[in-house]
Amino acid sequence: MADNWLRYDRMVEQALRGVVRKALTEAGQRGLPGEHHFYITFHTDRPNVGIADWLHQQYPQEMTIILQHQFWDLVIEDDRFAVTLSFGGRHERLTVPFAALTAFADPSVKFGLQFEASEAELQAKGPAAQAVKQNDKPLAAADGDDPRKGADVVALDAFRKK
């Protein structure tokens, strides 16, 4: 038996994705209280990500969305969430698997999580993906906030087997 069958890094990452699922579930049921708002960054090129073609052309690899005042029909499932957002006055439905997430932040309470691609995902995408794990340039928010500014980001690199 291989000595790496207890992949704590994967267990922790799965648990942290559960935090995002729970936060979205609460927001879907009760709305977002006070100044709470979510920045959600995800890979647009992952399997089962559903976004309009024109959005995918604009954001071919990664996109950040903001859930605050104007979002509709938030539906959370075990492995994904779907939401309708307005882009320049045009309503679009997005479906995002939790496995496609790269970051989640709630700047109102200085909370953030960052997710890394697994080694298997990077190998499947080839050498270019291994050289650049994620796009360091976040999408500018409408109100000028940086989703990572002031947030306590939990990086999982310390738990990864090198």
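The charged end of Arg-21 sits over the ring of Phe-98, at 4.9 Å from the ring centre. A second such arrangement involves Arg-17, whose charged end lies over the ring of Phe-115, 4.4 Å from its centre. A charge is counted as sitting over a ring if NZ of Lys or CZ of Arg is within 6 Å of the ring centre and within 35 degrees of the ring normal.

The model is predicted: local features need pLDDT of at least 70, side-chain atom pairs count only at pLDDT 80 or more, and totals for chains, interfaces and linings use all residues. Residues are numbered from 1 along each chain as its sequence is written, and side-chain values use heavy atoms, with hydrogens and water left out.

Rings also pair with one another, and the count comes to three aromatic pairs. Rings of Phe, Tyr and Trp (its six-membered ring) pair if their centres lie within 6.5 Å; planes under 30 degrees apart are stacked, over 60 edge-to-face, and the rest tilted. Two of these pairs are set out below.

| Pair | Centre to centre | Angle between planes | Class |
|---|---|---|---|
| Phe-38 and Phe-104 | 5.0 Å | 50° | tilted |
| Trp-54 and Phe-87 | 6.2 Å | 90° | edge-to-face |

Phe-38 belongs to strand 1 and Phe-104 to strand 6, so their pairing ties together parts 66 residues apart in sequence. Helices (H or I, at least four residues) and strands (E, at least two) are DSSP runs, numbered from the N terminus. Phe-38 is buried at 5% relative accessibility, and Phe-104 is buried at 3%. Here, buried means under 20% relative accessible area, exposed over 50%, and partly exposed in between (1.4 Å probe, protein chains only). In the other pair, Trp-54 is partly exposed at 26%, whereas Phe-87 is buried at 19%.

The largest nonpolar core has 29 residues, and those with the most contacts inside it are Ile-40, Phe-42, Ile-65, Phe-81 and Leu-101. Such a core is a set of buried Ala, Val, Leu, Ile, Met, Phe, Trp, Tyr and Cys residues joined through side-chain atoms within 4.5 Å. Helix 1 (8-30) and strand 2 (62-67) are among the elements that each supply at least two residues of this core. In soluble globular proteins, nonpolar side chains tend to be buried together.

Strand 6 pairs with strand 7 (residues 111-114) in the antiparallel sense over four bridges; two strands pair if DSSP finds at least two bridges between them. Ala-105 has Gly-112 in strand 7 as its bridge partner. The two strands form a hairpin with four residues between them, and Lys-110 in the turn has a positive phi of about 55°.
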